[in-house]
Amino acid sequence: MVAPDKTIRRHTIAVIVDNEPGVLARVIGLFSGRGYNIESLTVAEVDAKAGLSRITVVTSGTEMIIEQIKNQLSRLVPVHKVSDLTSEGPYVERELLLVKIAGTGDGRVESLRIADIFRARVVDSTTESFVFEVTGSSEKLSAFINLMEPLGLVEVSRTGVVAISRGSTAIMPPGSED
């Protein structure tokens with residue numbers, strides 16, 4: 001008999017739910033009530049006609065914990081579909097970051113140079129500060145933040161992860177309900 005895998009891994013889970021009040025609270029309550037950590041959370045309406053929203057949750061756990069999370073999510077009444085993008089094949093994952101840097105002189109020039117390397121856009125500029133917009137993987141955004149810290153990092157705002165599977169299949173095609 002093979003022992004269960006106790007390795008903790010990061011998983012990106014997409015959940016299609018009814019777009020109605022209280023649904024997000026129920027999903028979050030499931031995580032907090034069982035002591036599961038949420039590393040990233042995004043939610044938005046994806047099908048106005050069908051009244052559906054998509055919640056993307058990034059969490060970590062053993063395979064057994066991830067299976068428990070998926071099973072418990074599936075049992076919630078407003079949930080139509082649960083998809084573990086990490087386990088189901090290749091997927092694209094992105095996050096948006098806004099970073100405010102304050103500084104003058106060489107630090108200002110260096111922040112622009114680093115921003116160029118990371119393909120960051122300047123979305124606001126004053127004589128004392130910049131606001132940069134960067135998109136990419138969570139790791140890329142964290143690296144950008146780390147490089148900007150000594151250059152006058154003032155404020156950080158991150159959207160959280162959004163993800164979608166690669167290829168022609170969909171979790172739930174538009175217009176379908178279950």
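This is a tour of one protein, going from the whole chain to single residues.

**The whole protein**

Start with everything displayed, and keep in mind that the model is predicted. The protein has 178 residues, of which 38% count as buried. Along its principal axes, the C-alpha atoms fill a box of roughly 60 × 50 × 35 Å.

Switch to a cartoon view. It should show five helices and nine strands. Follow the chain from its start and the pattern reads β-α-β-β-α-β-α-β-α-β-β-α-β-β. Among contacts with a separation of 6 or more, 72% are between residues 24 or more positions apart.

**The four-stranded sheet**

Now select strands E1, E2, E3 and E4. They form an open sheet in the order E2-E3-E1-E4, with antiparallel pairing. Which strands lie at the edges? They are E2 (38-47) and E4 (79-84), each of which pairs on one side only. From one strand to the next, the twist averages 20°.

A general point helps here. Strands of a sheet pair through backbone hydrogen bonds, either parallel or antiparallel.

Select residues 9-18, which are strand E1, together with residues 52-61, which are strand E3. How many bridges join E1 to E3? There are 10, and the two strands run antiparallel. To see one pair of facing residues, pick Ile 16 and look across to Arg 54 in E3.

Then keep E1 and add E4. Five bridges join E1 to E4, and these strands are also antiparallel. Here the residue to pick is Val 15, which stands opposite Val 82 in E4. Is E4 mostly covered or mostly exposed? Five of its six residues are buried, and E4 is mostly covered.

The residues picked on E1 lead to another general point. In a regular strand the side chains alternate between the two faces of the sheet.

**Helix H2**

Select residues 63-75, which make up helix H2. The helix has 13 residues and reaches 19 Å from its first C-alpha to its last, close to the 18 Å expected at 1.5 Å a residue.

Colour Ile 66, Ile 69, Lys 70, Gln 72 and Leu 73, the buried residues of H2. Turn the view to look down the axis of H2: these buried residues fall within an arc of 170°, so they line one face of the helix. What covers them? The cover includes E1, helix H1 (23-33), E3 and E4. On the other side of H2, look for Met 64 and Arg 75, which are exposed.

Next, zoom in on Lys 70 in helix H2. Is Lys 70 buried or exposed? Its relative accessible area is 14%, and Lys 70 counts as buried because the cut-off for buried is under 20%. Leaving out residues up to four places away in sequence, Lys 70 touches Ile 13, Val 82 and Asp 84. Val 82 has already appeared on this tour, as the residue of E4 opposite Val 15.

**Helix H5**

Move on to residues 138-148, helix H5. Its buried residues are Ser 138, Leu 141, Phe 144, Ile 145 and Met 148. Seen down the axis of H5, they fall within an arc of 125°, so they too line one face of the helix. Show what they pack against: E1, E5, helix H4 (106-117), strand E7 (129-136) and E8.

**Glu 95 in strand E5**

Select residues 91-102 to see strand E5, then pick out Glu 95 within it. Glu 95 has 6% relative accessibility and counts as buried, because this value is under 20%. Which side chain makes a polar contact with the side chain of Glu 95? It is that of Arg 158, at 2.9 Å.

Now display the surroundings of Glu 95, leaving aside neighbours within four places in sequence. The residues in contact with Glu 95 include Val 134, Thr 135, Gly 136, Thr 159, Gly 160 and Val 161. Ser 138 and Leu 141 are also in contact with Glu 95, and both are among the buried residues of H5.

**Ser 157 in strand E8**

The last stop is Ser 157, found in strand E8 (residues 153-158). Ser 157 has 41% relative accessibility and counts as partly exposed, because this value lies between the cut-offs of 20% and 50%. Without counting residues up to four places away in sequence, Ser 157 touches Leu 96, Leu 97 and Leu 98.

To finish, draw a distance line from the C-alpha of Ser 157 to that of Leu 98. How far apart are they in sequence and in space? They are 59 residues apart in sequence and 5.2 Å apart in space.

Methods. Residues are numbered from 1 along each chain as its sequence is written. This is a predicted model: local features need pLDDT of at least 70, side-chain atom pairs count only at pLDDT 80 or more; totals for chains, interfaces and linings use all residues. Side-chain values use heavy atoms; hydrogens and water are left out. Two strands pair if DSSP finds at least two bridges between them. Axes are lines fitted to C-alpha atoms, for helices over the stretch in contact, and angles run from 0 to 180 degrees between N-to-C directions. Buried means under 20% relative accessible area, exposed over 50%, partly exposed in between (1.4 Å probe, protein chains only). A polar contact is a pair of N or O atoms within 3.5 Å; within protein, one must be able to donate a hydrogen and the other to accept it, and residues adjacent in sequence count only if both atoms are side-chain atoms. Contact means heavy atoms within 4.5 Å. The expected span of a helix is 1.5 Å times one less than its number of residues. The arc is that of the directions from the helix axis to the C-beta atoms.
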